[in-house]
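Hello,

Here is the structure we talked about. Please open it next to this note and follow along.

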Amino acid sequence: MPAKYLALFRGVNVGGSNKLPMKELAVIFTASGCRDVQTYIQSGNVVFNAPAKIAAQASVTIARKVRDRFGFEVPIVMRTAEEVGAVLSANPFLAQGAAENTLHVSFLADLPAPSNVQQLDPNRSVGDMFVVVGREIYMQLPNGMARTKLTSQYFDSRLKTVGTVRNWRTVQQLCILMRAAP
């Protein structure tokens with residue numbers, strides 16, 4: 001029985017580099033055995049249905065096909081529909097009354113080691129806050145993403161994994177899309 005999944009691409013269609021047309025990306029997913037493929041905005045968000053066996057290999061299979069077709073490597077982070085729903089309910093900054101337009105989530109490919117999480121500097125970016133919960137980093141960035149020192153590169157290097165960031169509105173829309181998808 002197919003289940004719903006979300007593939008989050010890192011660093012596509014940003015600043016004119018790593019151009020990846022969403023229409024062509026949807027074709028790659030379909031050719032890889034995925035069904036009901038839908039993309040959301042140009043930053044590489046793909047909702048799809050697939051049997052568990054296909055989904056388990058999707059990040060490797062799709063990354064290889066993107067490399068072969070477009071000539072660049074791209075990290076892909078996967079989540080199930082249930083995991084995306086849990087992200088919505090687990091944001092610690094919402095309970096504190098944070099403005100939603102200041103919230104972001106970094107989706108990590110792997111669960112970071114607790115010792116690596118403990119070594120993160122809570123004062124790295126004055127005014128910004130973050131909390132690591134499982135494979136997500138919840139961030140409140142009152143000065144915006146462009147001004148923070150809480151970058152993907154910072155977290156990747158310390159947590160020994162790769163992550164990709166989405167703003168809170170995008171996370172909400174992806175959750176809605178996953179519920180509405182066939």
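**Helix H6 and what covers it**

In helix H6, the buried residues are Ser152, Tyr154, Phe155, Asp156 and Leu159. Keep in mind that this is a predicted model.

What covers these buried residues of H6? The cover includes two helix and strand neighbours to look up early: helix H5 (114-118) and strand S5 (103-108). It also includes strand S6 (129-133), along with S7 and S8.

A general point helps when you look at any helix. An α-helix has 3.6 residues a turn, so residues three or four places apart point the same way.

**Just past the helix**

Move on to Lys160. This residue comes just after H6. Its loop runs between helix H6 (152-159) and strand S8 (163-167). Lys160 is not a glycine, yet its phi is positive, at about 60°.

Is Lys160 buried or exposed? Its relative accessible area is 62%. The cut-off for exposed is over 50%, so Lys160 counts as exposed.

**A second positive phi**

Now find Ile41. It sits in the loop between strand S2 (35-40) and strand S3 (45-50). Its phi is near 45°, which is a positive value in a residue other than glycine. The relative accessible area of Ile41 is 43%, so this residue is partly exposed.

**A buried glutamate**

Strand S7 covers residues 136-140, and Glu136 belongs to it. S7 is one of the elements that cover the buried residues of H6.

Why does Glu136 count as buried? Its relative accessibility is 9%. Buried means under 20%, so Glu136 falls in that class.

Which side chain makes a polar contact with the side chain of Glu136? It is that of Arg79, at 2.7 Å.

Glu136 has further contacts, leaving aside its neighbours within four places in sequence. Besides Arg79, look for these:

- Val87 and Val105
- Ser106 and Phe107
- Val131

**An exposed glutamate**

Last stop: Glu82. This residue lies in helix H3, which spans residues 81-89. Its relative accessible area is 62%, so Glu82 is exposed. Compare that with Glu136, which is buried at 9%.

Try one distance on screen too. How far apart in space are Glu82 and Asn18, C-alpha to C-alpha? The answer is 30 Å. In sequence, Glu82 and Asn18 are 64 residues apart.

Best wishes

Conventions:
Residues numbered from 1 in each chain as written. Predicted model: local features only at pLDDT ≥ 70, side-chain atom pairs only at ≥ 80, totals over all residues. Heavy atoms only, no water. Helix = DSSP H or I, 4+ residues; strand = E, 2+ residues; numbered from the N terminus. Buried < 20%, exposed > 50% of the residue type's maximum accessible area, 1.4 Å probe, protein only. Polar contact = N/O pair within 3.5 Å; in protein donor to acceptor, adjacent residues only side chain to side chain. Contact = heavy atoms within 4.5 Å.
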